[in-house]
Amino acid sequence: MKSTVKREESSVVGAGPWMYRFVEELYLICRSITGEGVRETLRRIDSHVPIEVHEVPTGTQAFDWTVPKEWNIRDAYIKNLAGERVVDFRKSNLHVLNYCIPFRGRVPLKTLREHLFTLPDKPEWIPYRTSYYEENWGLCASQRQADALRDSEYEVCIDADLKDGNLTYGECLVKGSTDEEVLLSCHICHPSLCNDNLSGIALATWLARYLTERNTRYSYRFLFLPGTIGAIVWLSRNENIVPKIRHGLVIACVGDAGKPTYKKSRRGDAEIDRAVLHVLRTRGSDFSVREFSPFGYDERQYCSPGFDLPVGSLTRTPHGAYPEYHTSADDLHLVRPDSLADSLSIYLELIEILEGNAIYTSLCPKCEPQLGKRGLYRALGGLADAGEGEMALLWVLNLSDGRYSLLDIGDRAGLNFRTVRYAADLLLEHNLLAKVRAGG
Ligand code: ZN
């Protein structure tokens, strides 16, 4: 369906290149679930929008989990007998098994192969592997690099620390006129991976900065967390905030060229679910929808039964569904400024719905009010399609009985939310509607 009101995109001009540059800036930092890479990433985010950084000590209990040790890495390599680095962390931080224990020694090729991870089907790509919850040392390489190993033994160095320290996460609360909150969460624990991780960080940072300059009804809480353990720690420390959360989204994988994908919240029919689907349907381009499953990103934690928050996940090609996922090919070529900008435009349109949705009651419910004598048909001159505007007036008047929200009306009438909102504003101006409550 076409939009009758021109989309306001002037404010997002330049957002795509801006987010792409931020992805580039963060790309080379070696992140993990804990450590300096996360702190450095949070410092870079903080240079654009003020965030509060929290440090949670190793050993802290968070529900059934415990904050793990802090991991920091300086260097890692495999040297051949000639002393040449044949696998070199300085060339890609994916070459080290992320969060692995330190190791130094000469090892026979056979032993080395047991600690070397490759992707035989994608011989040029380096896999991204982690060993968060079992202690191991290891390196990752392309299959081509692994096949070239011919010496009898190699020198292996993983110059890392895995010791008591802190888990670090960042939080940015953009206050609105109410303390009802929209939660926007992204993970910040992946090293040089662009779509899975950095695209979400860049979009969230841009959005947080944008919202600080606007007056909103909702307060927007942005979380920049290490995946899984970060969300669990945040929930365990903020149970008092949870009841304020009205809507939420997990932001990830928003920079590839694939179509937008929405994964519904556990509830499946929350206002956030209906609002995202409304945006996707009325944009007129291809998209896909997935039902909730307890697998994926941090929606698993927000939608655990003890919280059951209305949190979905709005991505492009989702978690695990693109070949470059968790490999060195999830790089600066996979993410594109125009895809980032397109994803952002969906988030902005969604926020417009959350902010503008409300329930009204008609003040002239017995038969139709006479619109002509109030000049309401002429007032529709502001719309590109006055016929659609007239339908919107009639639908809003008919369904505003204190039960249906403007979003419900848009869905039922097959009209874009912005058109319905515009109609409701005209009717309010003419004292034909009274507000029952904000929201859906
Ligand atoms: Zn991932």
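A residue counts as partly exposed when its relative accessible area lies between the limits for buried, under 20%, and exposed, over 50%. In this predicted model, Asp 401 has a relative accessibility of 36% and is therefore partly exposed. Arg 403, at 59%, counts as exposed. These two residues form a salt bridge in which the closest N and O atoms are 3.2 Å apart.

Strand β18 (401-405) is one edge of an open sheet, the other edge being β19 (433-438). The sheet has three strands in the order β18-β17-β19, with antiparallel pairing. On average, and with direction ignored, its neighbouring strands are turned by 30 degrees against each other. Five bridges connect β17 (residues 358-362) to β19, and Ala 358 stands opposite Ala 438 of β19. Helix α12 (residues 406-413) packs on this sheet, where it touches β17 and β18, and its direction makes about 70 degrees with that of β18.

Helix α12 also takes part in a link between distant parts of the chain: Asp 408 in this helix and Arg 274 in helix α7 (residues 271-283) are 134 residues apart. Their side chains meet in a salt bridge of 2.7 Å, N to O. Arg 274 is partly exposed at 25% relative accessibility, as is Asp 408 at 21%. In the whole structure, 32 salt bridges are found.

A zinc ion is bound by the protein donors His 190 (NE2), Asp 196 (OD) and His 326 (NE2), which lie 2.0 to 2.1 Å from the ion. Along the chain these donors follow the spacing H-x5-D-x129-H. Both His 190 and Asp 196 are buried.

Technical notes: Residues numbered from 1 in each chain as written. Predicted model: local features only at pLDDT ≥ 70, side-chain atom pairs only at ≥ 80, totals over all residues. Heavy atoms only, no water. Donors = N, O, S within 2.8 Å, 3.2 Å for Na, K, Ca; no water. Buried < 20%, exposed > 50% of the residue type's maximum accessible area, 1.4 Å probe, protein only. Pairing = 2+ DSSP bridges. Helix = DSSP H or I, 4+ residues; strand = E, 2+ residues; numbered from the N terminus. Axes fitted to C-alpha atoms, helices over the stretch in contact; angles between N-to-C directions. Contact = heavy atoms within 4.5 Å. Salt bridge = Lys/Arg side-chain N within 4 Å of Asp/Glu carboxyl O.
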